[in-house]
Amino acid sequence: MKNYTREDILNLVEEEDVGFIRLQFTDIFGTMKNVAITVSQLKRALDNKCMFDGSSIEGFARIEESDMYLHPDLNTFEIFPWRPQQGKVARFICDIYRPDGTAYESDPRHVLKKVLSETKEMGYDFNVGPECEFFLFETDDTGNPTTISNERAGYFDLGPLDQGENARRDIVLTMEDMGYGVEASHHEMAPAQHEIDLEYTEALDAADNIMTFKLVTKTIAKRHGLHATFMPKPKDGIHGSGMHLNMSLSRDGKNVFADEKDPNGLSKEAYYFIGGLMKHIKAISFITNPIVNSYKRLVPGYEAPVYIAWSANNRTPLIRIPRVSGESTRVELRSPDGAANPYLALAVCLAAGMEGIKNKILPPESVDENIYEMTDVVKNALGIEELPASLREAITEFQKDQFMQEVLGEELSQKLIESKRAEYRAYRTQVTEWEINEYLQKF
């Protein structure tokens, strides 16, 4: 684990001939932003004196309180291996502070750090392993992205069927060059769809790693003449892209979710954690599935979860317990997608799980049969509910869940609700090609 000091950074920058530094942060919608400085301004940045106009970032500060300061996290210092080797380009991931020196409460990274701190006070550490799915599409003659791919590869296929194999390999190698662990990579179900699983690590690192991974993936894809997209459902009639989150809690370095005496290998804490997730999952969907397009993925027929259920024997439910034991025991939430802000997604999942532990919320019985083949009568008898079917439904569920709003804070919650309402209104008023084809001649 890195533990850089100010002197370490200054020495590294000199030794590695770094000439340009990006001060990165993530906005409330999960988009990476940055302020770029030359190395001559590094000491000023390390003194937390680099400022930006928060009112220019959608969802951040109001115009009358616009000044925000970037505080670099020294342990996130990385040199980009794809940039020039003379006058190299490096980056820090930053926390956002107000001029009075207090943390900006709507900074997504701060939200996660706050929940992690509360979890630490209870004696737990939260660890996460993300499974990131994405598409590699061709670009047009002007370099703009399309949804076109000439490949026909499917699950676990390899080249020459898998035409994105070289790009995917370079993404993995670049991540490893930067010191990030990658557990596995492969072609996914749909043509041009890929998955790369990042190393299991502490949650703040995991969120930072997801943001770095997205940047690396898009950058390397472009060098291969491709466009990488984490859009959940870019094409109709094929599988969408998710971002499954494998989660566990540890105490004193030991996984507390494991219990070899239990038939499912799960401890009481694990069951309570699942119970908390299931209690709040409809509101959580607003954060883990935050765009209109997210709900085009959460439909039957494409392996994405639709029903609120858990199982250790079924691969299709919302929450899956992988068949591993001991220190590898984990809870896998299968609904999140790549449009989610990873800091907020991990914060709400952890907060819900910890509420489950605090209040000893047991989940319903596991559902080990294929829910998609059940009749409505059977599903109702088992009390199986559905995830929100649209962004509008997710907004409503989030508004009803006071606990989830408290996790994010009143200001951030309201900003997200207002922004997503506007997004849904804009979507709802569009006339689509499907409507033209379906109705123009009929009426």
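Is lysine 88 buried or exposed? Lysine 88 is buried, because its relative accessible area is 11% and buried means under 20%. The legends below go through several close-ups of this predicted model, starting with that lysine.

**View 1. Lysine 88 and its surroundings in strand β5.** Lysine 88 sits in strand β5, which covers residues 88-97. Its side chain reaches the side chain of glutamate 16 in a polar contact of 2.7 Å. Setting aside neighbours within four places in sequence, the residues in contact with lysine 88 are Glu16, Asp17, Val18, Gly19, Phe20 and Ile79. Glutamate 16 therefore appears both as the partner in the polar contact and in this list of contacts, beside a lysine that is buried.

**View 2. Lysine 254, an exposed lysine in strand β12.** Here the lysine belongs to strand β12, made up of residues 254-255. With a relative accessible area of 54%, lysine 254 is exposed, since exposed means over 50%. Once neighbours within four places in sequence are left aside, lysine 254 is in contact with Leu249 and Glu327. If you would like a distance to place this view in the model, take aspartate 67: from C-alpha to C-alpha, lysine 254 and aspartate 67 are 43 Å apart in space, and 187 residues separate them in sequence.

**View 3. Helices α3 and α8 packed side by side.** Two packed helices are described by the angle between their axes and the distance between the axes. For α3 (residues 108-121) and α8 (residues 342-358), the angle is about 25° and the axes are 8 Å apart. That makes the two helices roughly parallel, because angles under 35 degrees count that way. The crossing of α3 and α8 is left-handed. From α3, the contact takes in Pro108, Arg109, Val111, Leu112, Val115, Leu116 and Thr119; from α8, it takes in Tyr343, Leu344, Leu346, Ala347, Leu350, Ala351 and Met354. Of these contact residues, twelve are nonpolar, one is polar and one is charged.

**View 4. Aspartate 208 in helix α5.** Which residues does aspartate 208 contact, neighbours within four places in sequence left aside? They are Thr76, Ile93, Arg109 and Tyr343. Two of the names may be familiar from the previous view, where Arg109 of α3 and Tyr343 of α8 take part in the helix contact. Aspartate 208 itself lies in helix α5 and is buried, with a relative accessible area of 5%.

**View 5. Helix α5 crossing helix α4.** Staying with α5 (residues 203-223), this close-up adds α4 (residues 165-177): their axes come within 9 Å and cross at roughly 135°. The two helices are therefore oblique to each other, and their crossing is right-handed. On the α4 side, Ala167, Asp170, Ile171, Thr174 and Met175 meet Asn209, Phe213, Val216, Thr217 and Ile220 of α5. The contact residues divide into six nonpolar, three polar and one charged.

**View 6. Helix α6 against helix α10.** What angle do α6 (residues 268-288) and α10 (residues 391-400) make as they pack? The angle is about 120°, and the axes lie 7 Å apart. This makes α6 oblique to α10, and the crossing is left-handed. Lys282, Ala283, Ser285, Phe286 and Ile287 of α6 make the contact with Leu391, Ala394, Ile395, Glu397 and Phe398 of α10. Seven of these residues are nonpolar, one is polar and two are charged.

Key:
Residues numbered from 1 in each chain as written. Predicted model: local features only at pLDDT ≥ 70, side-chain atom pairs only at ≥ 80, totals over all residues. Heavy atoms only, no water. Axes fitted to C-alpha atoms, helices over the stretch in contact; angles between N-to-C directions. Helix = DSSP H or I, 4+ residues; strand = E, 2+ residues; numbered from the N terminus. Parallel < 35°, antiparallel > 145°, perpendicular 65-115°, else oblique. Left-handed = near helix turned anticlockwise from the far one by under 90°. Contact = heavy atoms within 4.5 Å. Nonpolar A, V, L, I, M, F, W, Y, C, P; charged D, E, K, R; others polar. Buried < 20%, exposed > 50% of the residue type's maximum accessible area, 1.4 Å probe, protein only. Polar contact = N/O pair within 3.5 Å; in protein donor to acceptor, adjacent residues only side chain to side chain.
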